[in-house]
Amino acid sequence: MIGAEVQKALFAALNGVTLAGANVFDQVPEANPFPRITIGDEQVIDDGNTCQDGWEVFSDVHCWSRPDAGSKVEVKTLAGEVVTAVSAIVAIAGFSLVSIEHQTTRVFRDPDGLTEHAVVSFRALIDPA
């Protein structure tokens with residue numbers, strides 16, 4: 001099974017290389033500043049066949065911003081950096097990475113009326129190493 005290896009690869013790709021700096025989390029601490037990234041939901045689908053195991057992994061990365069002016073520019077910039085960083089992943093420990101690709105980006109204002117939010121979704125195809 002895959003375990004946490006895709007999440008670990010996402011964290012390594014995102015930590016320190018975006019506008020969020022080292023503010024990349026699975027669970028955000030109470031007093032963390034904006035902008036920040038959280039690694040969100042993941043869905044794993046069996047993509048094996050009679051010859052070999054394989055998996056399709058869908059992962060969401062959340063970008064958060066709380067700009068003074070209420071603009072979505074910062075969160076959109078951060079989402080673009082996330083796409084660049086994740087698209088550059090070339091390996092996932094213990095697996096053979098067939099491909100990783102950006103699927104969608106959704107940008108919206110959170111219900112609190114203050115926080116800009118982007119959800120960036122990826123699809124990875126992986127095989128056993």
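Here are some numbered notes on this structure, which is a predicted model.

1. Overall layout. The chain has two helices and five strands, and from start to end they run α-β-β-β-α-β-β. If you want to find your way around, helix 1 covers 5-14, strand 2 covers 36-46, helix 2 covers 73-87 and strand 5 covers 116-128. Strand 3 takes in residues 55-65 and strand 4 residues 95-109, while strand 1 is 24-25.

2. Size and packing. The C-alpha trace spans about 55 × 25 × 25 Å along its principal axes. The radius of gyration is 15 Å, which agrees with the value near 14 Å for a compact globule of 129 residues. Of those 129 residues, 41% are buried. Among contacts with a separation of 6 or more, 60% are between residues 24 or more positions apart.

3. The main core. The largest nonpolar core has 31 residues, and Val82, Ile89 and Ile126 are the ones touching the most other members. Helix 1, strand 2, strand 3, helix 2, strand 4 and strand 5 each give two or more residues to this core. Helix 2 supplies the largest share, with seven residues.

4. A look at Ile89. Which residues does Ile89 contact once its neighbours within four places in sequence are left aside? They are Ala9, Leu10, Ala13, Leu97 and Ile100. For orientation, Ala9, Leu10 and Ala13 fall in the 5-14 stretch of helix 1, and Leu97 and Ile100 fall in strand 4, residues 95-109.

5. The aromatic pair. There is one aromatic pair in the structure. Its partners are Trp55 and Phe95, arranged edge-to-face with 5.8 Å from centre to centre and 90 degrees between the planes. The pair ties together distant parts of the chain, since Trp55 belongs to strand 3 and Phe95 to strand 4, 40 residues apart. Are these two rings' residues buried or exposed? Trp55 is buried, at 13% relative accessible area, and Phe95 is buried too, at 15%.

6. A charge over a ring. Have a look at Phe34 as well: the charged end of Arg36 sits over its ring, 4.1 Å from the centre.

7. Glu56, a buried acid. Glu56 is in strand 3. Why does Glu56 count as buried? Its relative accessibility is 15%, and the cut-off for buried is under 20%. The side chain of Glu56 makes a polar contact of 2.6 Å with the side chain of Arg123. Beyond residues up to four places away in sequence, Glu56 touches Gln43, Val44, Ile45, Asp47, Arg123, Ala124 and Leu125.

8. Asp26, an exposed acid. Asp26 lies in the loop between strand 1 and strand 2. With a relative accessible area of 53%, Asp26 counts as exposed, as the cut-off for that is over 50%. Leaving out neighbours within four places in sequence, Asp26 is in contact with Gln7 and Ile39. With Gln7 there is a side-chain to side-chain polar contact of 3.3 Å. As for Ile39, it is 13 residues from Asp26 along the chain, yet their C-alpha atoms are separated by 5.3 Å.

Notes
Residues are numbered from 1 along each chain as its sequence is written. This is a predicted model: local features need pLDDT of at least 70, side-chain atom pairs count only at pLDDT 80 or more; totals for chains, interfaces and linings use all residues. Side-chain values use heavy atoms; hydrogens and water are left out. Rings of Phe, Tyr and Trp (its six-membered ring) pair if their centres lie within 6.5 Å; planes under 30 degrees apart count as stacked, over 60 as edge-to-face and the rest as tilted. Buried means under 20% relative accessible area, exposed over 50%, partly exposed in between (1.4 Å probe, protein chains only). A charge sits over a ring if NZ of Lys or CZ of Arg is within 6 Å of the ring centre and within 35 degrees of the ring normal. A nonpolar core is a set of buried Ala, Val, Leu, Ile, Met, Phe, Trp, Tyr and Cys residues joined through side-chain atoms within 4.5 Å. Contact means heavy atoms within 4.5 Å. A polar contact is a pair of N or O atoms within 3.5 Å; within protein, one must be able to donate a hydrogen and the other to accept it, and residues adjacent in sequence count only if both atoms are side-chain atoms. The radius of gyration is taken over C-alpha atoms; the globule rule is 2.2 Å times the number of residues to the power 0.38.
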